[in-house]
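Please work through the exercises that follow with the sequence and the model side by side. Each one sets a task and then gives a solution in steps.

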Amino acid sequence: MNQTLKRITLNDKEIILLGTAHISKESIDDVERCIHDEHPDCVCVELDEQRYKALTDEKRWQELDIVEVLKTGKGFLLLANLVLAAFQKRIGADVGVKPGDEMKAAITAAKELSIKTELVDRPIHITLKRAWAKNNLWGKSKLLATLLSSAFSTEKLSADEIEALKDKSEMDSMMAEMAEYLPQVKEALIDERDRYLATKIWNGAGKKTVAVLGAGHLEGTAAYLEKLQNGTAPNDVSDIADVPPKSGFAKISGWILPALIVLLIAAGFMKGGVAASSALLVRWLLWNGSLAALGTLLALGHPLSIITGFLGAPLATLNPFIGVGLFTGIVQAWVRKPQVADMENLTTDVTSIKGWYKNKIAHILLIFFLSSLGGAIGNFIAVPALVSGLL
């Protein structure tokens, strides 16, 4: 356990950082042993309120309203959460450990000893939104590709490989790889959270604190705690505790594509009259609508959902506040209404490709995503097609 434990004395506080692998039986034993042996007056865990409820309330999915999720613009957020949870659950299945079991063990051990517990992680939806907002178009594409490969990956890790995730050299290698491939994502997922965790631990710590963290946060959190002690870092996380407001350009950028399409069709009218502009309009409708419908078809959507994708994509393009996935997802939910069993089995079903199609909630999210992706690709193809039609 020495390799994954850091004992730090800061002024009159003793903080013990315990690094874990989130799907490790050995980590559960380490957590229970550390808390019972150290008997601190505070236990901090790398959880936010949402993930704490997800771990402790096994019936939470029975209350999920997928239509409301889509209407409130949280479809991509739920999709990303499920993909990440499914990946962890899948690679931990062979060792009989569920993601977050070591955090539950920490909370249980603290309750048994009447020790207060602090949730010190940033809300997961803030982290995901910041990771998305920090990326340019190319970065967003790589992030989507990573999520898709994780969703349909069949990778499994042995118990020894999982334990190796707590090894410093192994973790350093993984962090370096992420920093090179997705630097903005690493900043939001790792660097900012190191600072957030350290600050919350510092402010919530008692005389003696045990903080249970993923091994990837051990070094960064320890380094920031020392900065807090030395007064060389701000004891405030308000600047990273929420999604930054959109810039002026970002607020109008959603209107650039629809405005460009309208201008190109108008240019066709100026050049060749109604016939020319109608030809450009049909060209755009076919590219945009057909690829949105194709995405819905690839997700094996209901025929009504496919038709909705074709008809709804142009409407969604002209209004950046809505997406075609909202239309296709709601129609699919209407014709294939999810049952309680779909809600109960959601996190298990999304660990396999078959499960994404079998579970009605996961299927709706898949249709939502692939129809949105198809419509977006259709628009990017349509713009040069419209330009070529003017030449």
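**Exercise 1.** Determine in which hand H14 passes H15, and how the two helices are oriented to each other.

*Solution.* H14 passes H15 in a right-handed crossing, where right-handed means that the near helix is turned clockwise from the far one by less than a right angle, and left-handed anticlockwise. The contact (heavy atoms within 4.5 Å) is made on the H14 side by residues including Leu304, Thr308, Gly312 and Leu315, and on the H15 side by residues including Val324, Phe327, Val331 and Trp334. Helix H14 spans residues 303–318 and helix H15 residues 324–335, and they pack at an angle of about 155° with their axes 8 Å apart; the axes are lines fitted to C-alpha atoms over the stretch in contact, and angles run from 0 to 180 degrees between N-to-C directions. Because angles over 145 degrees count as roughly antiparallel, H14 and H15 are roughly antiparallel to each other.

The model is a predicted one, in which local features need pLDDT of at least 70 and side-chain atom pairs count only at pLDDT 80 or more, whereas totals for chains, interfaces and linings use all residues. Residues are numbered from 1 along each chain as its sequence is written, and side-chain values use heavy atoms, with hydrogens and water left out.

**Exercise 2.** Establish which strands pair with S5, and whether S5 is largely enclosed or not.

*Solution.* Helices (H or I, at least four residues) and strands (E, at least two) are DSSP runs, numbered from the N terminus, and two strands pair if DSSP finds at least two bridges between them. Strand S2 (residues 13–20) runs parallel to S5 and is joined to it by seven bridges, with Gly214 in S5 as the bridge partner of Thr20. Strand S3 (residues 42–45) also pairs with S5 in the parallel sense, over four bridges, and here Val45 has Val212 as its bridge partner. Six of the seven residues of S5 (residues 208–214) are buried (under 20% relative accessible area, with a 1.4 Å probe and protein chains only), so the strand is largely enclosed by the rest of the structure.

**Exercise 3.** Decide whether Cys44 is buried or exposed, and state how many disulfides the structure holds.

*Solution.* Cys44 has 0% relative accessibility and therefore counts as buried. The structure holds zero disulfides, a disulfide being a pair of cysteine sulfur atoms within 2.5 Å. Cys44 is in no disulfide, and the nearest cysteine sulfur, that of Cys42, is 4.0 Å away.

Terms used. Buried < 20%, exposed > 50% of the residue type's maximum accessible area, 1.4 Å probe, protein only. Parallel < 35°, antiparallel > 145°, perpendicular 65-115°, else oblique.
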